[in-house]
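Work through the exercises below with the sequence and the model open. Try each task before reading its solution.

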Amino acid sequence: MLRSALLNVMIGAARKAARSLKRDFGEVEHLQVSLKGPANFVSAADRRAEQILCGELAKARPGYGFIGEEGGTREGADKSHTWIVDPLDGTTNFLHGIPQFAISIGLQREGVIIAGVIYNPANDELYIAERGKGAFLNDQRLRVAGRRKLDECVIGCGLPHIGRGDHSQSRLEMTAIQEKVAGLRRFGAASLDMAFIAAGRLDGYWERNLQPWDMAAGQIMIREAGGVVSGMAGDDDPLKTGHLICGNEYVHAELVKILKPL
């Protein structure tokens, strides 16, 4: 595919940050198994990756604003463009040596996501999308799965853990859905879950209490692959609500029907 200059900037930044994460990921397994040591190491890896991303993106587009998981919000001279960046989505996986983590970069223009890059350095899978130009995995065009029966679908979800999320609500939702589907999966990195929807690997996915940097790139990825993305109401913006439902048109509608009343 022909990549725009903008996408090339985003891909270049992701690949440069990935080199740092790959080195750090290789070191995680050698750390002493204690809570403090590895956790501090991963936090430092996260910050390093964000500094690289911020530096590379600012060098190419110096006026753009920046929203990052580690560095917070920085306004730019160009008020219409904002980078929305997660330098390490899937930190718990990273910490445990599980190769399911990603760098996620979304670009917002006038409140609309117009481009996205999701890159897993562990397996070199690069997902890209640009508004009106489709979504791709390593240059292969992506399309959401076409299944229309929930009992044939594998659905991704989030699972709240200690100190995070509404556990009772989660159990209620899982009980309502698991009796209707072929399987539930929890992979631990929201951006990659969304990329899996775009690639047709998952048929649907829902999760609550996400941040904009978890979803920005994935949102355009799914829509450019022919899927639907919303909040729990079915027609609201997940970047504003923090709650997400996505899939093909049919699966999305079915998940909204089940989850909205809960």
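**Exercise 1.** In which sense do strand 11 and strand 13 pair, and over how many bridges?

Solution. Step 1: strand 13 spans residues 244–247. Strands here are DSSP runs of E with at least two residues, helices are runs of H or I with at least four residues, and both are numbered from the N terminus. Step 2: strand 11 and strand 13 pair in the antiparallel sense over 4 bridges; two strands count as paired if DSSP finds at least two bridges between them. Step 3: as an example, Tyr205 has Cys246 in strand 13 as its bridge partner.

The model is predicted: local features need pLDDT of at least 70 and side-chain atom pairs count only at pLDDT 80 or more, while totals for chains, interfaces and linings use all residues. Residues are numbered from 1 along each chain as its sequence is written, and side-chain values use heavy atoms, with hydrogens and water left out.

**Exercise 2.** Place strand 11 and strand 13 in their sheet, and find which helices pack on the sheet.

Solution. Step 1: the order of this open sheet of 5 strands is 10-9-11-13-12, and its pairing is mixed. Step 2: strand 10 (183–185) and strand 12 (228–230) are the edge strands, each pairing on one side only. Step 3: from one strand to the next, the twist averages 15°. Step 4: helix 5 (residues 190–198) packs on the sheet and touches strand 9 (154–157), strand 11, strand 12 and strand 13; contact means heavy atoms within 4.5 Å. The direction of helix 5 makes about 155° with that of strand 11, where axes are lines fitted to C-alpha atoms, for helices over the stretch in contact, and angles run from 0 to 180 degrees between N-to-C directions. Step 5: helix 8 (residues 249–259) also packs there, touching strand 9, strand 11, strand 12 and strand 13, at about 150° to strand 13.

**Exercise 3.** Describe the sheet of 8 strands.

Solution. Step 1: this open sheet has the order 2-1-3-4-5-6-7-8, with mixed pairing. Step 2: strand 2 (72–74) and strand 8 (140–141) are at the edges with a single partner strand each, so one side of each has no neighbour in the sheet. Step 3: strand 3 and strand 4 (residues 102–109) run antiparallel and are joined by 7 bridges. Ile84 has Gly106 in strand 4 as its bridge partner. Step 4: helix 1 (residues 5–28) packs on the sheet, touching strand 3, strand 4, strand 5 (112–120) and strand 6 (125–130), and its direction makes about 35° with that of strand 5. Step 5: helix 6 packs on the sheet too, and its direction makes about 100° with that of strand 5.

**Exercise 4.** How many helices and strands does the chain have?

Solution. The secondary structure comes to 8 helices and 13 strands. The C-alpha atoms fill a box of roughly 45 × 45 × 30 Å, taken along the principal axes.
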